[in-house]
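Visitor: Could you take me for a close look at one part of this model, the innermost region of its sheet, and then work outwards from there?

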Amino acid sequence: MATSPDSVRLAGKTVRIVGTGLLGSSIGLGLRPLGVNVVLTDASPSSARLAQDLGAGQLAAAGDVPDLIVVCVPPDVVADVIARELAEFPLAIVTDVASVKVAARDELTAQGVEISRYVGGHPLAGRERGGAISARGDLFIGRPWVVCREPANSQASVRLVEDLILDLGASVVEMTADEHDRAVALVSHAPQIVSTIMAGQLLDATDAAVSVAGQGVRDVTRIAASSPDLWVQILGANHEAVVEVLRGVHTELGAVVTALDSLDAAGARSTLAQAFSRGNEGVARLPGKHGQNRKFSIVTVLIDDRPGQLANLLAEIGELGINLEDLNLEHAPGAQLGTVEFSVVPEAVDRLVSDLEQRGWRVAR
């Protein structure tokens, strides 16, 4: 549960969710345990019924009077759906979860839609798999959720959208629509393209090469298993900002290719070193847990590939009172063995290694 029942901001209100895929169903699953009245609708009746069966809400019915409407539909139809919802429910505030904000706002304005009751939103949360069947009520906990306030929005309208975000356990980040689209081009859309292209290189790899794939290539290609149709829509709506980022990547990648192609040329090794140095400085800017910009150390533990081992390891680390920033789990091909990489603060490394070894765990040095 994202928050305690006595602090639910949307208590007693009705939230209408339009689109019952991963995000829409997850919003419903997050709100229902809080006592919020959630009604569901989808262009696909079977999708809406599945979300209902999973506990995300009740099917929408004639006579519903929603206080807040959350539009969770593909980018190419989001503006039309927002316009329809604003017209059909003249007392409701409408928000959305589309990953591009300028296109919808501009299309609504071009249509002459009065947008004072529309407050754009975008949760920076998701999963590799889509659909209601993959939905989780805790999907948004601790995640940033952008709110794009427009001059025409009333404070009460914005506050209602922020209440939704806070009830779901996410954190509110205010940006203009233009700022948002430039930001996601850098931190989401361009990385998706880079990941996808890198994953495509595996198609021509030998079976032997793929068999030795480690965590590095898995990290880089993790998000490549995404819907082509959806991403064509997203990139089409935000192409100018994405192209700007990719031009920078192209320039730096070209310099690296040139340096590697003529490694003995003057300055080639310096070009490579500078690229890695910039990468180190850039990744250091990424916020860690609780928004901390700090470096973490890696501790790798070997575990047997049998039920209960990972749970036992995590339980013992919990008993040691050491906080984990992140973990990666990898299986060794052809062996009943796995490795778990834990990210911890540097000052905890020695104690963690020593205590785990005393408890019989194998720690890779």
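Guide: What follows begins with one strand and moves on to its neighbours, the spaces around it and the whole chain.

The model is predicted, so local features need pLDDT of at least 70 and side-chain atom pairs count only at pLDDT 80 or more, while totals for chains, interfaces and linings use all residues. Residues are numbered from 1 along each chain as its sequence is written, and side-chain values use heavy atoms, with hydrogens and water left out.

The part to look at is strand β6, residues 118-123. Helices (H or I, at least four residues) and strands (E, at least two) are DSSP runs numbered from the N terminus. Six of the six residues of β6 are buried, so the strand is largely enclosed by the rest of the structure; buried means under 20% relative accessible area, exposed over 50%, and partly exposed in between, with a 1.4 Å probe and protein chains only. In a regular strand the side chains alternate between the two faces of the sheet. Both faces of β6 are covered, with Y118, G120 and H122 buried on one side and V119, G121 and P123 buried on the other.

In the sheet, β6 belongs to an open arrangement of eight strands with mixed pairing, in the order β3-β2-β1-β4-β5-β6-β7-β8. Its edge strands are β3 (58-59) and β8 (171-174), each of which pairs on one side only. Two strands count as paired if DSSP finds at least two bridges between them. Strand β5 (residues 93-96) runs parallel to β6 and is joined to it by two bridges, and V119 of β6 is the bridge partner of T95. Elsewhere in this sheet, β1 (residues 14-18) and β4 (residues 68-71) run parallel and are joined by four bridges, with I17 standing opposite V70 in β4.

Helix α3 (residues 78-88) brings a further set of buried residues, V78, A79, V81, I82, A83, E85 and L86. What covers these buried residues includes β1, β4, β5, α4 and β6, where contact means heavy atoms within 4.5 Å.

The start of β6 also meets N153, which sits in the loop between β7 (144-148) and α5 (155-167). N153 is buried, with a relative accessible area of 9%, and its side chain reaches the backbone oxygen of Y118 at 2.9 Å. Leaving aside residues up to four places away in sequence, N153 touches I115, S116, Y118, V119, C148 and V158.

Two residues of β6 return in the lining of the largest cavity, where Y118 and G120 are joined by K101, R105, C148, E150 and A177. A cavity is a set of points, on a 1 Å grid over the protein atoms alone, where a 1.4 Å probe fits but cannot get out, whereas a pocket is an open set with protein on both sides within 12 Å along at least five of seven lines; lining residues have an atom within 4 Å of a point. The structure holds one cavity of 30 Å³ or more, and the volume of the largest cavity is about 40 Å³, a volume being the space filled by probe spheres set on grid points that are joined across faces, edges and corners. Its lining divides into three nonpolar, one polar and three charged residues; Ala, Val, Leu, Ile, Met, Phe, Trp, Tyr, Cys and Pro count as nonpolar, Asp, Glu, Lys and Arg as charged, and the others, Gly among them, as polar.

The second largest pocket holds about 210 Å³ of space. Helices α4 (102-110), α6 (177-200) and α10 (239-261) each supply at least two residues of its lining, and the largest share, four residues, comes from α10. Among the lining residues are V102, A103, D178, R182, H239 and E244, and the whole lining has four nonpolar, two polar and five charged residues.

Further along α10 lies A255, which is partly exposed at a relative accessible area of 35%. Its C-alpha atom is separated by 40 Å from that of N323, 68 residues apart along the chain.

As a setting for all this, the protein has 13 helices and twelve strands, and its C-alpha trace spans about 65 × 55 × 40 Å along its principal axes. Buried residues make up 37% of its 365 residues. Among contacts between residues at least 6 apart in sequence, 69% join residues at least 24 apart.

Note on methods
A polar contact is a pair of N or O atoms within 3.5 Å; within protein, one must be able to donate a hydrogen and the other to accept it, and residues adjacent in sequence count only if both atoms are side-chain atoms.
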